[in-house]
Amino acid sequence: MTEPAQDSYQDGNALAGPLREIFAVDVTAAAGQCVHCGLAGPVASLRVYGPAPGMVARCPGCDEVVLRLVRGPDSAWLDLRGTVSLRIPLPGPGVPDGTGEGPA
Amino acid sequence: MNGRRLVWRIARLVEIRDETPSARTLVLQIPGWPGHLAGQHVDVRLTAEDGYSTQRSYSIAAPADGERVELTVQRVPDGEVSPYLTEELTVGDEVEIRGPVGGWFVWRPNGTAPVLLVAGGSGIVPLMAMIRARRQAGSRTPFRLIYSLREPGERYYAEELRLPHPGLDVTYLYTRAVPDGWARPVGRLTIADMNTGGWPADFGPECYICGPTGFVETASDILLAMGHDARAIKTERFGPTGG
Amino acid sequence: MGFVSRGFRGRPRDEGVKLPPGQYLVHDFPVLSAGPTPRVPLDRWEFAIDTEDGQTHRWSWQELMALPAETPTVDLHCVTKWSKLGTDWKGVSLDTLFADVESSAEYALVYSYGGYTTNLPVEDLLDGKAWIAYQFDGEELAAAHGGPARLLVPHLYLWKSAKWVQGIRLMNEDWPGFWETAGYHNYGDPWREQRYQGD
């Protein structure tokens, strides 16, 4: 039996660009919880396979799919069924969040 | 409400700096650039005449400076994008950029905790942005950098890191070849390196680790074994899509 | 015409052969995946066809190897736009496997070790259109490419050729699989460029 090859995945930071096409704020710092095993953590810590045919973000604890993102020519499909919910940090009223994006 | 969805912008290459024979810093001018934080990255998109396009992510190497954005690109043998960026793209050429992206692996100069930066190879790039942001802000936050790479000839920012940086300690470790008289033998990052070059866990440092997946996992495991709080360790892995 | 990067060519493509719209030619064999590579020991490997009436037909690895095999040479077209022509495989035709299966179901859901699924009409599996393939280019199919065995149904985009195939469930209703529920086309004919839903 041959030696198992290293599976290639990136971390959730790789989702930052594609998700910023959809959301007006950064989601990689968002805290999610895996529906399969309950592990909580930032989106940035997910194991991301892809980017083709799509980005598949899996739980670092149980490897089940937490989030999927497919970018078509004129739309994006985002499937979040693998996460209980996402808690997305947003700046409070009147507080600049420092990501340099400024008021819309 | 702040923020807006990101769009592709057209950047012009205004300056080139070769870091090593195979790594080049590109200084881009991007009209309308909204600024960025140290640690963020951009996506670069190339399009051929027949419409074929491909993109890669690159960490920003320097803190926000008006419309200037610096990237350091490593040429990957047989790569599709990096040979173009490091050999073909010349001053005056344009390239499409989307960003800044990433809000988690960032350092803001207003923190008080000391900072540990652990770089594997080209993982030094976003960490250098943090070092430069610290200097730009006049911050006195104590910084320690552990920079692991194969051999001295592959160091990025060598001259700059050689200059005195009060409050920044830099430790190099080499995995393939060392300079003459170098005390530490060739070898990968170990707990001993992290002890000598890093911060004790009870200083509560913010830790940033960046590099290839294997390196990041090893460094992260070492820090956890030393008692560092998992929530204070942020990692960014360079994956297999590079090239 | 949008922005063009001066002097950028990208990987070599379009060498004068006829390809489905939007495809480019490759000579390597890219590996794309949606998760970790499953490792399935042959002594536990099994392939099943589950009918709409609840009957299950199973084959162990030895039983699969004992069936008459074919050596098709086919073109592969991936939805990510690469095409690889003239690839050599060895495998058992689905016609052989379906020979004793009694079913009037119209739809199939293919499922794999590791959880991947994809769906297609049963008629797209029959009449010489599909195989359970276990050799590529004269050698054991590598795990990265779907080994020990994968479905091979080359007239559709390659995501329908499920790697690490474990079984086929026959159903009276269509059940979209992994990529079909994430925005990809339900059928996936490369010659009509059916990549995404709505194409």
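Let me start with A:Asp11, which stands opposite A:Arg47, a residue in strand 4 of chain A. Please keep in mind throughout that this is a predicted model. The pair belongs to the place where strand 1 of chain A meets strand 4, residues 47–49 of chain A, and these two strands run antiparallel and are joined by two bridges.

If we step back from that pairing, we find that strands 1 and 4 of chain A are part of an open sheet of five strands, in which the order is 1-4-5-6-7 and the pairing is antiparallel. Which strands form the edges of this sheet? They are strand 1, residues 10–11, and strand 7, residues 76–79, both of chain A, and each of them pairs on one side only.

As for chain A overall, there are eight strands and one helix, and when we read along the sequence the pattern is β-α-β-β-β-β-β-β-β. Chain A has 104 residues, of which 46% count as buried. Turning to contacts in chain A, and taking those between residues at least 6 apart in sequence, we see that 46% join residues at least 24 apart.

Let me move on to chain B, which is divided into domain 1, covering 8–101, and domain 2, covering 115–238. The C-alpha centres of these two domains of chain B lie 24 Å apart. Across the boundary, 13 residues of domain 1 of chain B are in contact with 13 residues of domain 2 of chain B. Which elements give two or more residues to the side of domain 1 that touches domain 2? In chain B these are strand 1, residues 8–20, and strand 5, residues 68–74. Sorted by class, that side of domain 1 of chain B has six nonpolar and six polar residues, together with one charged residue.

Chain B also touches chain C, and here twelve residues of chain C are in contact with 13 residues of chain B. On the chain C side of this interface, the residues divide into four nonpolar, four polar and four charged.

Finally, a word on the annotation of chain C, where an unreviewed UniProt entry carries the label "domain: Oxidoreductase molybdopterin-binding" for residues 35–179. I would stress that this label comes from the record. In the predicted model, the end C-alpha atoms of residues 35–179 of chain C lie 13 Å apart, and the span is 39% strand and 8% helix.

Key:
Residues are numbered from 1 along each chain as its sequence is written. Chains are lettered from A and ligands numbered from 1 in the order in which they are written. This is a predicted model: local features need pLDDT of at least 70, side-chain atom pairs count only at pLDDT 80 or more; totals for chains, interfaces and linings use all residues. Helices (H or I, at least four residues) and strands (E, at least two) are DSSP runs, numbered from the N terminus. A residue is buried if 20 or more other C-beta atoms lie within 10 Å of its own, exposed if 12 or fewer, and partly exposed in between; C-beta atoms are placed from the backbone. Two residues are in contact if their C-beta atoms, placed from the backbone, lie within 7 Å. UniProt positions are given in the numbering used here, feature names are shortened, and annotations may be inferred rather than shown by experiment. Ala, Val, Leu, Ile, Met, Phe, Trp, Tyr, Cys and Pro count as nonpolar, Asp, Glu, Lys and Arg as charged, and the others, Gly among them, as polar. Domain bounds come from an automatic or database domain assignment. Two strands pair if DSSP finds at least two bridges between them.
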